[in-house]
Amino acid sequence: MAETIPAGSTTDGVIQVGQPTDARVSAPASYDVADFPVPHGREEDWRFTPLERLRGLHDGTAVADGGVKVEVTAPEGVTVETVGRDDARLGKAGKPVDRVAAQAYSSFEKASVVSVPKETVLTEPVRIAVHGEGGTAFGHQVVEVGAFAEAVVVIDHTGDATLAANVEYLIGDGAKLTVVSIQDWDDTAVHAGQHTALVGRDATFKSVVVTFGGDLVRLHPRVVYGAPGGEAELYGVYFTDNGQHQEHRLFIDHDTPHCRSNVAYKGALQGAEAHAVWIGDVLIRAAAEGTDTYELNRNLVLTDGARVDSVPNLEIETGEIVGAGHASATGRFEDEQLFYLMARGIPADEARRLVVRGFFAELVQQIGIPDLEERLIAKIEAELEASVG
C-alpha cells in the first residue's frame with residue numbers, strides 16, 4: 001500500500017483533523033508519572049504490547065534494584081558530564097508521552113550529557129556503551145550538538161537489564177547529527193525507551209535504530225522541529241526471533257514550515273511467536289506549510305508462526321505541502337528469488353542468506369561506520385544460521 005500526496009491536494013485514507021494535537025497518545029505529555037493512567041492493554045498506544053512482560057515498568061511496581069554501566073568514548077573536544085536532575089538541559093527536547101517514559105524521567109538519579117561544541121566537526125564517532133548488569137534501572141541521556149557542528153554518536157546496548165530510559169538529542173542551527181542506536185541485548189532483557197530529537201534551523205538529524213536482542217524492546221523515536229529548514233531521516237533495522245516482541249513507535253511532529261522528514265524501517269521475523277510492531281505517525285499541522293515527508297515500512301516473514309503489525313498514520317491540517325505519503329508491506333520469503341539463485345549453483349542456505357542480506361543492505365549502509373556494518377551483517381547471518389536452513 002502506498003500513497004503520495006502532491007502539494008495542495010489530499011487523497012482517501014489521509015485523515016483531516018481539526019485540532020493540532022497528537023491524537024495517538026492517551027494523555028497529554030508530562031514529566032509527572034501521575035498524569036498518566038496505568039495502561040490495561042486496551043488503549044491505542046498499548047494494544048500491541050504484552051504488558052505482563054514489562055516487569056512493572058508500566059504500573060509503578062518496578063523497583064530500581066539493578067543497574068546499567070555507561071561508558072563514553074569521545075574524540076578530543078567533546079565534553080562528557082554526569083549531571084543531577086536540576087540540569088537545565090534535561091527535558092529540553094520534549095516531555096515524556098507515556099507512563100513508562102514518565103516513570104523513567106521521575107526515577108533516574110543522574111543523567112549523562114555529551115556535548116559537541118559549535119562549529120566542531122568530529123572525524124571519529126562518539127561511542128556510548130550501555131551494559132546491563134541485571135535488575136531494574138532507569139536512565140537519562142542527552143546528546144547536545146552546537147550550531148554548525150557535525151557528529152556521529154553510537155549508543156550500544158548489551159547485557160541484561162530491565163531498563164526504562166529517555167534519550168534527548170538537541171541539534172543546533174545548521175548542525176548535523178547521526179545517531180546509531182543498537183539494541184543487542186541478551187535474550188532476557190526488557191528495554192523501553194523514548195528518543196526525542198529537537199531539530200534546529202536548517203539542521204539535519206539522522207537516526208539509525210538497530211534492534212536484535214531482548215525479550216521485549218519498545219522504542220518510541222520522536223522528532224520535533226525548533227525552526228524552519230530542519231531535516232530528519234529515520235532508518236531502522238530489526239530481526240525478531242522466536243518469542244521476541246520488538247516494537248517501534250515513531251512520531252514526527254511537523255509543526256514548523258519548510259521542514260522535511262523521511263522514514264524507512266525494515267524487519268525480518270522468524271520462529272514461533274515472534275512479534276514485531278511498527279507504528280509510523282506523522283502529523284502535519286496547519287502552520288507547517290512546505291512540508292515534505294514520506295514513511296516506509298517493509299517486513300519479511302521467514303517462517304510460520306511470526307506476526308507483524310504495521311500501521312502507518314498520516315494526518316494533514318494544511319494543503320500547502322510539497323508532498324506526503326506512506327507505504328507498508330509484509331510478505332513471506334520469495335521462493336522465486338530462492339529458485340533464481342539456486343538455479344545458478346548457489347546452495348539453498350547461502351541463497352537464503354543472500355536474499356535477507358540484500359533486503360537489509362540499503363539501510364545497514366546508512367550507518368556509515370564499517371566496523372558496525374560488518375558486525376550487524378554478521379549478526380543477521382548468525383540469526384539465519386541458527387533457524388533458517
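**Entry 1: strand β6 and its neighbours**

I began with strand β3 (residues 68-73), which runs antiparallel to β6 and is joined to β6 by six bridges. In that pairing, K69 stands opposite H131 of β6. A note on terms: helices (H or I, at least four residues) and strands (E, at least two) are DSSP runs numbered from the N terminus, and two strands pair if DSSP finds at least two bridges between them.

Before going further, I wrote down that this is a predicted model, in which local features need pLDDT of at least 70 and side-chain atom pairs count only at pLDDT 80 or more, while totals for chains, interfaces and linings use all residues. Residues are numbered from 1 along each chain as its sequence is written, and side-chain values use heavy atoms, with hydrogens and water left out.

Back to β6. Strand β5 (residues 111-116) pairs with β6 in the parallel sense over five bridges, and there V114 stands opposite V143. I then followed V143 to β7, where its bridge partner is Y169. The pairing of β6 with β7 is parallel too, with 18 bridges.

How many of the residues of β6 are buried? I found 14 of the 20, so β6 is largely enclosed by the rest of the structure. Buried here means under 20% relative accessible area, exposed over 50%, and partly exposed in between (1.4 Å probe, protein chains only).

**Entry 2: helix α1**

Next I looked up α1 (residues 99-107), which is mostly covered, with seven of its nine residues buried. The buried ones are R99, V100, A101, A102, Q103, A104 and Y105. What do they pack against? I listed β6 (126-145), β7 (150-171) and β9 (190-199), with contact meaning heavy atoms within 4.5 Å.

At the start of the helix, a side-chain oxygen of D98 comes to within 3.2 Å of the backbone nitrogen of V100. That fits the polar contact rule: a pair of N or O atoms within 3.5 Å, where within protein one must be able to donate a hydrogen and the other to accept it, and residues adjacent in sequence count only if both atoms are side-chain atoms.

**Entry 3: D98 and the salt bridges**

D98 turned up again when I went through the salt bridges, of which the structure holds 19. The rule is a side-chain nitrogen of Lys or Arg within 4 Å of a carboxyl oxygen of Asp or Glu. D98 bridges to R218 at 3.1 Å, N to O. This pair links distant parts of the chain: D98 sits in the loop between β4 (79-83) and α1, R218 in strand β11 (residues 216-225), and they are 120 residues apart. Both partners are buried. I also traced a network of salt bridges that links D45, D98, R218, E247 and R249.

Two bridges lead to helix α4, and I took D156 with R375 to begin, at 2.6 Å, N to O. D156 lies in strand β7 and R375 in α4 (residues 370-387), so this pair ties together parts that are 219 residues apart in sequence. D156 counts as buried because its relative accessibility is 16%, whereas R375, at 28%, counts as partly exposed.

The other bridge joins D184 and K379 at 3.3 Å, N to O. Since D184 lies in the loop between β8 (176-183) and β9 and K379 in helix α4, the pair ties together parts 195 residues apart in sequence. Are the partners buried or partly exposed? D184 is buried at 17%, and K379 is partly exposed at 28%.

**Entry 4: the rings**

I finished with the aromatic pairs, and the structure holds six. Rings of Phe, Tyr and Trp (its six-membered ring) pair if their centres lie within 6.5 Å; planes under 30 degrees apart count as stacked, over 60 as edge-to-face and the rest as tilted. F239 and F360 make a tilted pair, 6.5 Å centre to centre with 40 degrees between the planes. F239 is in strand β12 (residues 231-240) and F360 in helix α3 (residues 348-364), 121 residues apart. The rings of F359 and F360 have centres 5.2 Å apart and planes at 65 degrees, so that pair is edge-to-face. F359 and F360 are both buried, and F239 counts as buried at 0% relative accessibility.

Y105 of α1 came back here: ring pairs link Y31, Y105 and F108 into a cluster. Which residue lies over the face of F108? I found R85, at 4.4 Å from the ring centre. R85 also lies over the face of Y105, at 5.5 Å from that ring centre. The rule asks for NZ of Lys or CZ of Arg within 6 Å of the ring centre and within 35 degrees of the ring normal.
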